[in-house]
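Q: Please take a close look at one part of this model and describe it in a connected way. I should like the local backbone and its surroundings to be treated together.

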Amino acid sequence: MTAIDTARLKQMFDAIAVAIEADKDRLCQLDGVIGDADHGIAMELGFNAVRDALAPLDLAAVEPTALLNTAAKSFLNAVGASSGPLYATAFMRAAAAVKGKAALEGADVIALFQAMAQGIKDRGKAEIGEKTMIDAWQPAAEAAAAAHAAGKSLAESLDAALAAAERGAEATKDMIAAKGRSSRLGERSLGHIDPGAASAVTVIAAMRKSLT
Ligand code: ADP
Ligand code: MG
């Protein structure tokens, strides 16, 4: 595998923006059932802001850490919904995880991915089973790390992450929301996929496609 440089990371964010845009209506619909129907809009605003913030960067002159911190800041400034600080923290932690690297090897991408999930978890204080994006991100990060540790390629590891995220998002249907806006619904949140878990699958799928 050739190392992933800032140009590839920018492509990754562009790919996420495209994927989220295509998924926006579904994400708003899911959020309409157990939240306030803005999740697709929030994610689109965030990733469009990232795209705009990364566009003028001189990619030959910035390191992955600076690019990821720019992404974090622009996402945070653009998104007023809960997903704003959650993904901003994810990108800030990703930036810290690859500090000092000019380009990322497979192990660095796995570390970046795990840092994102841990950042979301630390920021939102959600545990598995509380019907949030953590139900997709945490198993995805664990699956990626396990596959990598077992000697699998980055592509195989991110395949495993995506499959785990999909299973995790599907499983939120049978959970009662315990964090975030939808927790006010209590048992009425049962039977519906969590919008943040659904968008996590979209983000992870775009990352997998653009990084492998
Ligand atoms: P808001 O609820 O402010 O409208 P969004 O609609 O953008 O924000 O995002 C809602 C999603 O955010 C939820 O579906 C859930 O996945 C996620 N979320 C909310 N609170 C938390 C939390 N404390 N930890 C992790 N994820 C959370
Ligand atoms: Mg919402």
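A: In this predicted model, lysine 131 is buried, because its relative accessibility is 0% and the cut-off for buried is under 20%. Lysine 131 belongs to the loop that connects α5 and α6. Its phi is positive, at about 65 degrees, although lysine 131 is not a glycine. Most residues other than glycine have a negative phi.

The two helices beside this loop also take part in the nonpolar interior. The largest nonpolar core has 59 residues, and Phe113 and Trp137 are among those with the most contacts inside it. α5 (106–124) and α6 (134–149) each supply at least two residues of this core, as do other helices, including α1 (6–34) and α2 (39–54). The helix that gives the most is α8, with nine residues. Phe13 is another of the residues with the most contacts in the core; leaving aside residues up to four places away in sequence, phenylalanine 13 touches Phe47, Val50, Leu54, Leu67, Leu68, Ala71 and Phe91.

A second loop invites comparison. Alanine 37, in the loop between α1 and α2, likewise is not a glycine and has a positive phi, near 65 degrees. Alanine 37 is partly exposed, because its relative accessible area is 34%, a value between the limits of 20% and 50%.

A metal site completes the description. The magnesium ion (ligand 2) has Asp31, Asp36 and Asp38 as protein donors, each through OD, at 2.0 to 2.2 Å. Along the chain these donors follow the spacing D-x4-D-x1-D. Aspartate 36 is partly exposed at 34% relative accessibility, and aspartate 38 is partly exposed at 23%.

Note on methods: Residues numbered from 1 in each chain as written. Chains lettered and ligands numbered in written order. Predicted model: local features only at pLDDT ≥ 70, side-chain atom pairs only at ≥ 80, totals over all residues. Heavy atoms only, no water. Donors = N, O, S within 2.8 Å, 3.2 Å for Na, K, Ca; no water. Buried < 20%, exposed > 50% of the residue type's maximum accessible area, 1.4 Å probe, protein only. Core = buried A, V, L, I, M, F, W, Y, C linked by side-chain atoms within 4.5 Å. Helix = DSSP H or I, 4+ residues; strand = E, 2+ residues; numbered from the N terminus. Contact = heavy atoms within 4.5 Å.
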